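Let's take a friendly walk through a protein model together. Have a look at the sequence and the 3D view first, and then read on.

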Amino acid sequence: MARITAVGTSVPPHVLKQDEIREFARHLFGDSFRDIDRLLPIFHNGQVETRHFCVPLEWFGEKHMFSEKNDLFQEWATRLGVEAAKDCLEQAGKNVADIDHILFVSTTGISTPSIDSRIMNELGMNPHTKRTPIWGLGCAGGAAGLSRAADYVTAYPGKRVLLIAVECCGLTFQCEDKSKSNLVATSLFADGAAAVLIEGETVVQENRKQIQVIDTMSTLWPDTRDVMGWDINENGLKVIFSRDIPTLVDQLLRPNMAEFLERHGMTGHDIRHFIAHPGGKKVIEAYAEVLGVELFYFSHALDILRRFGNMSSVTVLFVLQAFLKQGITPGEYGIVTALGPGFSSEMLLVKG
C-alpha cells in the first residue's frame, strides 16, 4: 500500500495583496468594461488575500512574447522545484539517493528536455533515476501525480517516488486579453511549487506521520473540453475558464464521487478529511454541497486559497501538507480531489 510521508513547498518572492491586484485590474480592464466596478467584487468574494509571483506587479502591465515568458518559466520552475524537493526530503530525513522515480507535473510552460531533468541535475540525483513528466492536466495535475505515484509504489513496494509540481500561472498572463475569463483568472491564479514523498510499504518508517492511499479514480467527461484549459496563440497560453464550473461540480462530481465511495461501501458522511483543490470559494462550496457536509471541513483548503490563491496543480498539495502536519487519526478516512481540463476529475481515498 502506498504511503504519503512528507510534503515540501516553495513560493516565489513577489508577494502581492489582493487589493493591489484589484486596482491593477481596474486600470487594465477599465476601458473594456463599462461596468468594471460591478465586476471587481470578484477580487473580494473569492476570499483570496495574498498571492506569490515570480515577477513584480508592473511586469503584468506590459506585453511579453511567448519566448520571454517561457524562458522565465524554465528558470523559475527549476528553482522552485529544487527548493520544494529539498524541503520535502529534509522533512522526511531522506536524501536524493533514496529516490527511485521522479514525477514532474506542470501545465504553465514548456521545456524539452523536461524540467525534471534540470531539477535532477541541480539536486545531483542518480542519473539512473526514472523520471516521468506529466503535462496538461491543469488543476487536476497534483492529485493525478499522487495517483500515478501511488500506482508505482504499489506495484514496486520497495521504491520511493518524489512528486514535484510547479506552476507559474502568472507568467501566462496576457495583458492584451480583456475577456471576462482573464479578469476572473487575474483574481485567482498564482505561482508556487510542492514536492511529495510517496513510499512503498516495505521501505516506509512506521513511526512517521503518514497517510495511506487506499484507492484512486480518474474520470474524463466527454465533450467538456471547453470548460477550462488554454488556447495557444502567438502570445502564449490564453486562459479558458468557464463560469459554469461550480454548476458542473454539482452535476458531474456528485454521481462520480458516489460511485467512487460505493466501491468501499461508503458515503460522504464516512469521510472525515477533505483534501480538496481550492479552485475558488464557489468551487469549495459546491464540493461541500455535493458531499453533504459543512464548509468547516474545508478549512485547510480555504486557508490555502486565502494565503496563496489558486496555484493550479500545486494547490491541493499545499492542502495535503496542512493535513499531514495536523495528522489524520488512525482509521479515519479522507478524500483527495481535484478537477481539471478535459473536463476531468482525480480522486484518492486515503486513510490515517
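## Salt bridges

Across the whole structure, a search finds 15 salt bridges. The idea behind them is simple: side chains of opposite charge can pair when their charged atoms come close. Keep in mind as you read that this is a predicted model.

Start with helix α1, where Asp 19 and Arg 22 sit three residues apart, which means about one helical turn lies between them. These two form a salt bridge, and their closest N and O atoms are 3.2 Å apart. Are they buried or exposed? Asp 19 counts as partly exposed because its relative accessibility is 49%, and Arg 22 is also partly exposed, at 24%. The pair does not stand alone: a network of salt bridges links Asp 19, Arg 22, Glu 23, Arg 26 and Asp 37.

## Bridges between elements

Which side chain does Arg 131 meet in a salt bridge? The partner is Asp 116, with 2.8 Å from N to O. Arg 131 belongs to strand β5 (residues 130-135) and Asp 116 to helix α5 (residues 115-123), so this pair ties together parts that are 15 residues apart in sequence. The two partners sit in unlike surroundings: Arg 131 is partly exposed, with 39% relative accessibility, whereas Asp 116 is buried, at 0%.

Another salt bridge joins Glu 199 and Arg 160, whose closest N and O atoms are 2.6 Å apart. Glu 199 is part of strand β7 (residues 191-199) and Arg 160 is part of strand β6 (residues 160-168), so the bridge ties together parts that are 39 residues apart in sequence. Both Glu 199 and Arg 160 are buried.

## The overall fold

Now step back and look at the chain as a whole. How many helices and strands does it have? The secondary structure comes to eleven helices and 13 strands. Along its principal axes, the C-alpha trace spans about 60 × 45 × 35 Å.

For 352 residues, a compact globule would have a radius of gyration near 20 Å; this chain has 19 Å, so the value agrees with that picture. Of the 352 residues in the chain, 60% are buried.

## Distant in sequence

Ala 25 gives a nice example of how a chain folds back on itself in space. This residue is found in helix α1, which covers residues 18-29. Ala 25 has 0% relative accessibility, and therefore counts as buried. How far apart in space are Ala 25 and Ser 187? From C-alpha to C-alpha the distance is 8.6 Å, although the two are 162 residues apart in sequence.

## A negative patch

On the surface, Glu 58, Glu 62, Glu 68, Asp 71 and Glu 75 form a negative patch. One of these residues, Glu 58, has its place in the loop between β3 (50-53) and α4 (66-92). Glu 58 counts as exposed because its relative accessibility is 57%, and exposed means over 50%.

## Unusual backbone spots

Two peptide bonds deserve a closer look. The bond from Thr 112 to Pro 113 is cis, with omega near 0 degrees. Pro 113 is placed in the loop between β4 (101-106) and α5. A cis peptide bond also joins Gly 342 and Phe 343, where omega is about -10 degrees. Phe 343 lies in the loop between β12 (333-340) and β13 (344-351).

The phi angle gives us two further stops. Gln 47 is not a glycine, yet its phi is positive, near 65 degrees. This residue lies in the loop between α3 (42-45) and β3, and its relative accessibility of 42% makes Gln 47 partly exposed. Ser 312, again not a glycine, has a positive phi of about 55 degrees. Its place is in the loop between α10 (299-308) and α11 (315-326). Is Ser 312 buried or exposed? With a relative accessible area of 6%, Ser 312 is buried, since buried means under 20%.

Conventions
Residues are numbered from 1 along each chain as its sequence is written. This is a predicted model: local features need pLDDT of at least 70, side-chain atom pairs count only at pLDDT 80 or more; totals for chains, interfaces and linings use all residues. Side-chain values use heavy atoms; hydrogens and water are left out. Patches are made of residues with over 30% relative accessible area and no salt bridge: like charges are joined within 9 Å, nonpolar side chains (Val, Leu, Ile, Met, Phe, Trp, Tyr) within 5 Å. Accessible areas come from the Shrake-Rupley method with a 1.4 Å probe; for residues, only the protein chains shown count as cover. A salt bridge is a side-chain nitrogen of Lys or Arg within 4 Å of a carboxyl oxygen of Asp or Glu. Lys and Arg count as positive and Asp and Glu as negative; His and the chain ends are not counted. The place of a charge is taken as NZ of Lys, CZ of Arg, CG of Asp or CD of Glu. Helices (H or I, at least four residues) and strands (E, at least two) are DSSP runs, numbered from the N terminus. Buried means under 20% relative accessible area, exposed over 50%, partly exposed in between (1.4 Å probe, protein chains only). The radius of gyration is taken over C-alpha atoms; the globule rule is 2.2 Å times the number of residues to the power 0.38.
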